[in-house]
Amino acid sequence: MPFPPLIPLFPLPNVVLFPRVLLPLHIFEPRYREMVKDAAAGDELIGMILLRDEERPGGGGSDLYSVGCAGRIVRKVDLPDGRSNILLQGVREFTPREQSFDHPYRLAAVDWRPAPPQDFRLDPTVKRELAARIRSFVGDKQEGVRILDDPTLADDMLVNLFAFALEFPVAEKQSLLEIDDLATRATRLVETLEFHTIEREFAPGIESLKSRVH
């Protein structure tokens, strides 16, 4: 099924969605209630995209990053007061070209990124290093990485799930999303994890040094 040329946008300042990843959302603003209602009645796609700063209605899109990820509504629970809880599953990255502000919510004409190969496989060395870096970064929260032991976990899901779920700055997640090659995204994720692991190891010493200076 081809992706549509026009999709609704849901800009948020703290969420970067990746393909195949599940994202629960609570919808309460009237404009986004209408967006979800329209999407559910149509192709069920919502374009998640990161805000650079405060949203500026009619601002020409300069407040958005250049790449987002569309999610398909896979579950929708309507609440009595008009709010709803939805579950999106990421499907594909996109680049917004032109935006329309004629609706209560934004619509954008988008360019879709090509689908990754169905038989995508990471280099075994990179895959082992990525899993090791994830375990090291998570540390004593090992229950959160049990999925690494699942032999059915696809390589693209491994990369995208942990790029989405691990706790590092949202701008770094956005940088990972903007990489259009999964193998390169995996390598960059390894480098990001390595940096933050080292940063965390040296943080106590840096704070101690700061306290002595002051």
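In this predicted model, Asp81 is partly exposed, with a relative accessible area of 42%. Its partner Arg83 is likewise partly exposed, at 26%. The two side chains meet in a salt bridge, with 2.6 Å from N to O. Both residues fall in the partly exposed class because their values lie between the 20% and 50% cut-offs. Side chains of opposite charge can pair when their charged atoms come close. The structure as a whole has twelve salt bridges.

A second pair lies under the surface. Asp63 and Arg106 form a salt bridge whose closest N and O atoms are 2.7 Å apart. Asp63 sits in the loop between β3 (45-50) and β4 (68-78), whereas Arg106 belongs to strand β6 (residues 106-112), and this pair links distant parts of the chain, 43 residues apart. Asp63 is buried, with a relative accessible area of 0%, and Arg106 also counts as buried, at 4%.

A third salt bridge joins Arg185 to Glu93, the closest N and O atoms being 2.9 Å apart. Arg185 lies in helix α5 (residues 182-213) and Glu93 in strand β5 (residues 84-100), so the bridge ties together parts of the chain that are 92 residues apart in sequence. Here, too, the partners are hidden: Arg185 is buried at 1% relative accessibility, and Glu93 is buried at 7%. Arg113 joins these residues, and Glu93, Arg113 and Arg185 are linked in a network of salt bridges.

The next feature to consider is the open space at the surface. The largest pocket holds about 420 Å³ of space. Its lining is made up of 23 residues, and those nearest the centre are Ala115, Pro116, Pro117, Asp156 and Leu182. Two or more lining residues come from each of β5, α3 (155-165) and α5. Of the contributing elements, β5 gives the most to this lining, with four residues. By class, the pocket lining divides into ten nonpolar, three polar and ten charged residues.

Enclosed space is a separate matter. A search of the whole structure finds one cavity of 30 Å³ or more, and the volume of this largest cavity is about 30 Å³. Residues lining the cavity include Val15, Val16 and Leu17, along with Met48, Ile49 and Leu50. Val67, Gly68, Cys69, Gln174 and Leu177 are also part of the lining. At least two lining residues are supplied by each of β3, β4 and α4 (170-178), and β3 gives the most, with three. The cavity lining has nine nonpolar and two polar residues, and no charged ones. The pocket lining, by comparison, has ten charged residues.

Finally, the start of the chain offers a contact of its own. Pro5 lies in the segment before β1 (6-12). Pro5 is exposed, with a relative accessible area of 60%. When neighbours within four places in sequence are left aside, Pro5 is in contact with Ala108, Ala109 and Val110. Pro5 and Trp112 are 107 residues apart in sequence, and their C-alpha atoms are 8.3 Å apart in space.

How values were computed
Residues are numbered from 1 along each chain as its sequence is written. This is a predicted model: local features need pLDDT of at least 70, side-chain atom pairs count only at pLDDT 80 or more; totals for chains, interfaces and linings use all residues. Side-chain values use heavy atoms; hydrogens and water are left out. A salt bridge is a side-chain nitrogen of Lys or Arg within 4 Å of a carboxyl oxygen of Asp or Glu. Buried means under 20% relative accessible area, exposed over 50%, partly exposed in between (1.4 Å probe, protein chains only). On a 1 Å grid over the protein atoms alone, a cavity is a set of points where a 1.4 Å probe fits but cannot get out, and a pocket is an open set with protein on both sides within 12 Å along at least five of seven lines; lining residues have an atom within 4 Å of a point. Grid points are joined across faces, edges and corners, and a volume is the space filled by probe spheres set on the points. Ala, Val, Leu, Ile, Met, Phe, Trp, Tyr, Cys and Pro count as nonpolar, Asp, Glu, Lys and Arg as charged, and the others, Gly among them, as polar. Contact means heavy atoms within 4.5 Å.
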